[in-house]
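Subject: A structure for you to look at

Hello,

I am handing over a structure that I have been going through, and I would like you to have it open while you read. My notes on what turned up follow below.

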Amino acid sequence: MQTSHRFSRAYLAFAALLLMTSVGFAADPGLLYPATSEASDQKAGSILLYNIYSSSPANPSTTNTRFNITNTNATQSAFVHLFFVEGGSCSVADRYICLTPSQTMTFLASEQDPGTTGYLLAVAVDGIFGCPENFNYLIGDEYVKFESGHFANLGAETIAAIAALPDSSCDGNSVVATLALNGVAYNRVPRVLALDNIGAEGDGNNVRVWINRVGGVLLGGGGSTGTFFGILYDDAEQAHSFQISSGTCQRGFTLSNDLPRTVPRFTAVIPPGQTGWLKLWSTSDVGILGAAINRNNNSGTNAGAFNSGHNLHKLRLTSDSYVIPVFAPSC
C-alpha cells in the first residue's frame, strides 16, 4: 500500500509536470527558466528566503517589513509553509498561507511576528500532507525600513526544486521532511558572498550587513553561521583580512572601525572619496545568503551620495539542508 501510494504520487507529479510544461509553452513566450540554474533573486522557484525582516511593536511606522509573495502559475494553487527564524536565538515560528492561481499576497512583519528581527523562509508543499513539492512558480520581494533611516526593496532569494519529488520519502506518515540543497533535489546555495561598491564612512555612508545561515533543523531552530573569514579590498586592490565570530543563525553588523577589524582600520582602508569591496565565507563550509543597506544623510544635497540596498553577490557554491516539520496545510 505504501509503495502504491508513493508510485501514484510520483505518477501524478510527472503527469502534472507534463501538463504544466505544455500549458507554459502555450500560454507564455520563450523557454521555461531552467530549474537547474543556481539560487538567485531573479527567478521563480519552490523555496524563497527573505534576507532580513524587522518591526517595532511600539512604532511600526518607522521599523517594519512588507512581504510580497506571488504564485505565477495560472492554473494551480500554491500551499506555502512559512518559517519565521529569529536571528539571535534562532527560534522558529511557522504558519501556512495558500495562494490561488496567479494570486499575489502582501503582509507586514508587524502583523505576523512583531518585535522580531530575522529572516523568513517560504517552502512550497503539497496540499494534502505538507510534504515538499516541486512547484517552481513562487516569486517574492520585501520592503524593509528601520528607524535608523536604512531602507531598501530586496528580492527574495529563490531556490528551485530539481527532483519531481524533492523528498521522495515524505508521505502521510511523515513528521519531518528534508530540503536537500545539493544540486539534485534543490539548487545548491552560496558559500562565498561579496559586497561591492562600499562607500567611505567619511563621505556620510553607513552600511549595515546581514548574513544568514542557510540550513538547520527548523523543529528546534535555524543553523548557526559559525565563524566568518573575510577580505576587504580598497580601490587599489590591496587586501585586508578579518574574522567575524557568530553563534547565531543571522549575523548583523555595521561596517566601521570596530567591524570588520582590519589593519589598518576600515576608515583608513576606505578613506573619503574612495570605495572598496569585500568577500566573506563561513569557515564551516555552510550555505549563507545576505543583504546590505546603505544610508547616506547627504543623498538630498550631494549628487554622489545615495541611499541603496541589495542582496549580496554569490561567488562560490556548497550544499546544505533544512529539516522542516510536516503536517497538513490549514488553509
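Which residues of the largest nonpolar core touch the most other members? Please keep in mind that this is a predicted model. The core in question has 29 residues, and Leu121, Leu181 and Tyr322 are the ones with the most contacts to other members. Several strands feed into this core: strand S1 (47-53), strand S3 (78-86), strand S6 (118-125), strand S10 (176-181) and S22 each contribute at least two residues.

Tyrosine 322 is a good place to start looking around. Setting aside neighbours within four places in sequence, tyrosine 322 is in contact with a list of residues that includes Leu49, Tyr119, Leu121, Ala177, Leu179 and Leu181. Arg213, Val214, Gly215, Gly216 and Leu218 are also among the contacts of tyrosine 322. There is a second, separate core too, made of 23 residues, among them Leu232, Val286, Ala292 and Leu312. As general background, nonpolar side chains tend to be buried together in soluble globular proteins.

Now to the charged pairs. Side chains of opposite charge can pair when their charged atoms come close. The structure has four salt bridges, and here are three to look up.

Arginine 213, which you have just met as a contact of tyrosine 322, forms a salt bridge with aspartate 320, with 3.1 Å between the closest N and O atoms. Aspartate 320 belongs to strand S22 (residues 320-325) and arginine 213 to strand S12 (residues 205-214), so this pair ties together parts that lie 107 residues apart in sequence. Are the two partners buried or exposed? Aspartate 320 is buried, at a relative accessible area of 12%, and arginine 213 is buried as well, at 13%.

Next comes the pair of lysine 314 and glutamate 157, a salt bridge whose closest N and O atoms are 3.1 Å apart. This one links distant parts of the chain: lysine 314 sits in strand S21 (residues 313-318) and glutamate 157 in strand S9 (residues 157-159), 157 residues apart. Lysine 314 is partly exposed, with 27% relative accessibility, whereas glutamate 157 is buried, with a relative accessible area of 0%.

The third pair joins aspartate 285 to arginine 191, and here the closest N and O atoms are 3.5 Å apart. Aspartate 285 is in the loop between strand S18 (275-282) and strand S19 (287-296), while arginine 191 is in strand S11 (residues 189-199), so the bridge ties together parts 94 residues apart in sequence. Both partners are partly exposed: aspartate 285 has a relative accessibility of 37%, and arginine 191 has 24%.

Some of these strands come back in a sheet. In what order do its five strands lie? The order is S16-S15-S18-S11-S21, in an open sheet with antiparallel pairing. Strand S16 (239-244) and S21 are at the edges and have a single partner strand each, so one side of each has no neighbour in the sheet. On average, neighbouring strands of this sheet are turned by 20° against each other, direction ignored. Within the sheet, strand S15 (residues 228-233) and S18 run antiparallel and are joined by six bridges. To find your way there, look for isoleucine 231, which stands opposite lysine 279 in S18.

Finally, a few backbone details in the loops. The loop between strand S17 (250-254) and helix H3 (266-269) contains proline 260, and the peptide bond from leucine 259 to proline 260 is cis, with omega near 5°. Proline 264 lies in the loop between S17 and H3 as well; a cis peptide bond joins valine 263 to proline 264, with omega about -5°.

Two residues other than glycine have a positive phi. Cysteine 90 has a phi near 70° and is found in the loop between S3 and strand S4 (92-99). Cysteine 90 is buried, with a relative accessible area of 8%. Serine 102, with a phi of about 65°, lies in the loop between S4 and strand S5 (104-108). Serine 102 counts as partly exposed, at 49% relative accessibility.

Happy exploring, and best wishes.

How values were computed. Residues numbered from 1 in each chain as written. Predicted model: local features only at pLDDT ≥ 70, side-chain atom pairs only at ≥ 80, totals over all residues. Heavy atoms only, no water. Salt bridge = Lys/Arg side-chain N within 4 Å of Asp/Glu carboxyl O. Helix = DSSP H or I, 4+ residues; strand = E, 2+ residues; numbered from the N terminus. Buried < 20%, exposed > 50% of the residue type's maximum accessible area, 1.4 Å probe, protein only. Core = buried A, V, L, I, M, F, W, Y, C linked by side-chain atoms within 4.5 Å. Contact = heavy atoms within 4.5 Å. Pairing = 2+ DSSP bridges. Axes fitted to C-alpha atoms, helices over the stretch in contact; angles between N-to-C directions.
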